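Dear colleague,

I am passing on the structure we spoke of, and below it you will find what came out of a look at its cysteines. Please read the notes with the model open beside them.

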Amino acid sequence: MSAIRRAAIALAAAAVAVLLAVPAASSAATVTSLAKGLDNPRAVAFDADGHLFVSEAGHGGTICGGGGCAGLTSGISKIENGVAHPVVSGYFSAASPEGTAATGIQGISILNDWRIFAVEGETAAKAPPGLPPELAQAAAAQLGHLFEFTPHGKRTIADVGGFDFKWSGEHLSLSSEEPPGSAKKLQFPDANPYAVLATGDGEWVADAASNTIDWVSNSGKVKVVAFIPNPPVSDAVPTCIAKGSDGALYVGQLTGGGNGPGAASIWRVEPWDGDVSKWATGLTAVTGCGFDTDGDFYAVEFSELGFESFAPETGALVRVPPHSSKPITVASKLSFPNGFAARAHQIYTANWSIAPAAGSHGHTGEVVRITH
């Protein structure tokens, strides 16, 4: 996933000139913007009362070096009447100097009316060097960690990123090469917790860099349950996780560099024994997925052109029939979409999820509702 972030920074920077000139997504479905001005929005989730929340990876900060900047600009917001109200703020964020393609709080999942489970990306082992004490402490305490937030406070559940970084270093035989075919640099050890699914008994976490599906108990014990197989080129990069009515987990993947359109799959993971099998193929650069209220499965594609060729208005929402090899486009012309949440005949996702912080109109991320 670290290679993905580097590619995102370079490619998104090239899109800055057209960013504000590109209209909102258009398609046969109705796409409605619910809140604008978000700071690199990623996951979206509803609580039991129907309130919509969004994670914001932030835009880095004012401490810069090595081609990037860091700060405490990541958090979580609640969307009400077109306005995003911060409910969690001051979390570690790293990004390009323009604020593009930030790493911060990425996945969120909510139980009941206000139990928010969230994962910070990366791991303390990959924290930017030379940070001042306050930021260094935040990076060590937050990067790669799984948290629970309630109206009464927060708790740190586990250092998932730290666990996966160590695990991947012990399983180098599963690593892909960077660049592909070079045999010069293995992508392991690596970690980047990206998505979380809370169940009440514990949390499932998809790590987009160790390519693992982890189970985290309520006591904070982390266990690797499954490894998502690498494609012929680069690595798997699992980015979303949903639970089906059959009790199995369904995992979408972005795929690493060098994978073109159609290279991504939806994987079915049996949580009781970790067996992994392909459930659907032919997808591209998946960044969000899940089931709607009718039991249909959907995936959010960051770009239909493939991750390394992404551009504004090339993202899509697709419906994925079971055991299919060609998804059905529901909404197209989305711009760098990320995350998934569903209500009856409505899908919610974040648009402009890697948008730069700079611009005359402020932050450019938004959450949209797709009615179909």
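**Disulfides in the model**

At 4% relative accessibility, Cys 69 counts as buried, the cut-off for that term being under 20% relative accessible area. Please keep in mind throughout that this is a predicted model.

Cys 69 is joined to Cys 64 in a disulfide, with 2.0 Å between the two sulfur atoms. Its partner Cys 64 has a relative accessible area of 51% and is therefore exposed, since exposed means over 50%. The torsion about the S-S bond of Cys 64 and Cys 69 is about 105°, so this disulfide is right-handed.

The structure holds 2 disulfides, and the other pair is Cys 240 with Cys 289, whose sulfur atoms lie 2.2 Å apart. Cys 240 belongs to strand β15, which covers residues 238-243, while Cys 289 belongs to strand β19, which covers residues 286-291, so the bond ties together parts that are 49 residues apart in sequence. The link of Cys 240 and Cys 289 is right-handed, with 115° about the S-S bond. As for accessibility, Cys 240 is buried with a relative accessible area of 5%, and Cys 289 likewise counts as buried, at 7% relative accessibility.

When the bonded cysteines are counted along the chain, the disulfides of the protein follow the pattern 1-2, 3-4.

With best wishes

Conventions
Residues are numbered from 1 along each chain as its sequence is written. This is a predicted model: local features need pLDDT of at least 70, side-chain atom pairs count only at pLDDT 80 or more; totals for chains, interfaces and linings use all residues. Side-chain values use heavy atoms; hydrogens and water are left out. A disulfide is a pair of cysteine sulfur atoms within 2.5 Å. Buried means under 20% relative accessible area, exposed over 50%, partly exposed in between (1.4 Å probe, protein chains only). Helices (H or I, at least four residues) and strands (E, at least two) are DSSP runs, numbered from the N terminus.
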